[in-house]
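Please open the model in your viewer and keep the sequence panel beside it. The tour below goes from one selection to the next.

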Amino acid sequence: MAGLHNESEQEPLLGDTPGSREWDILETEEHYKSRWRSIRILYLTMFLSSIRCHILTSFTSFTFIDPTADTSFLGWVIASYSLGQMVASPVFGLWSNYRPRKEPLIVSILISVAANCLYAYLHIPASHNKYYMLVARGLLGIGAGNVAVVRSYTAGATSLQERTSSMANISMCQALGFILGPVFQTCFAFIGEKGVTWDVIKLQINMYTTPVLLSAFLGILNIILILAILREHRVDDSGRQCKSINFEEASTDEAQVPQGNIDQVAVVAINVLFFVALFIFALFETIITPLTMDMYAWTQEQAVLYNGIILAALGVEAVVIFLGVKLLSKK
């Protein structure tokens, strides 16, 4: 009886309709649960990556680190993030095509953790602190190159029916990080600019460094979860498990996905639209603080507060839209 019970637990999912999930032997229950655990870990990875990006965009903290930094240099700091991500994304993408995706994910998060630690120690150099800030922001952009790996893994590990909803969840997690990133600094404002100093390791814990230290801790936690839970999975449009170049434990009974023709026009159009959206966002993110200070005569504190509310409202709007996309995709 025990043997029969164990066999029934490992029995593949079966159904009634040919060519669909309900008819073919697509995957075992164990594989299905492992696949979705891995996808949800990547939801978390995207969320934390978005938080790390937006924690370092406060104009107040930037000028506190180096008073000689002006508004134009802030633009270069913001641009260094995009440049780092632009360079790193194809590299991590190519890496993930031939090796387990854990590798580029872990390396990219380690780079982000290092960037946060560098930001926390920007007070130590006697001069040129703004250039160290530029390097920290660039490293953070390199770490954000894992977005391509997260999206490609999710697309390859979901069936056609699951894909739109899963990609909407990815974007929603990114939008939530966009909302909560600037909020973290506000939450730690009670610590003050001076805060306390840990003399043994020369670490200042104040309202500017606490958010990035928290981000570094969450990055380390993210790495531990990836090592413990993430597994390589790939399914075809019907949800049938398939072989993959970087599959860790490929078995002989897995199906190969036939390579069809790629719609090049659609790929180019989507990339152009994505470029335009990010272009607008980067411009808005860069100039919003100095622009509102000049146009409305806001103080620096007012600009941080009111712009934080505006960005949070935009993030909430984005979450609502992604939820709508998720619901409409089921119809």
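Begin by selecting residues 105-122, where the chain is 89% helix and 0% strand and the end C-alpha atoms are 26 Å apart; helices here are DSSP runs of H or I with at least four residues, strands are runs of E with at least two, and both are numbered from the N terminus. This is a predicted model, in which local features need pLDDT of at least 70 and side-chain atom pairs count only at pLDDT 80 or more, while totals for chains, interfaces and linings use all residues. Residues are numbered from 1 along each chain as its sequence is written, and side-chain values use heavy atoms, with hydrogens and water left out.

Next, select residues 73-93, which are 100% helix and 0% strand, with end C-alpha atoms 30 Å apart. Both selections appear in the unreviewed UniProt entry under "transmembrane region", a feature that the record also places at residues 41-61, 134-154, 175-192, 212-230, 265-284 and 304-325; such annotations may be inferred rather than shown by experiment, feature names are shortened, and positions follow the numbering used here.

Now colour the whole chain by secondary structure: it has 11 helices and two strands, running from the N terminus as α-α-α-α-α-α-α-α-β-β-α-α-α.

Finally, show the side chains of Y296 and W298, which form a tilted aromatic pair at 5.2 Å centre to centre with 35° between the planes. Rings of Phe, Tyr and Trp (its six-membered ring) pair if their centres lie within 6.5 Å, and planes under 30 degrees apart count as stacked, over 60 as edge-to-face and the rest as tilted.
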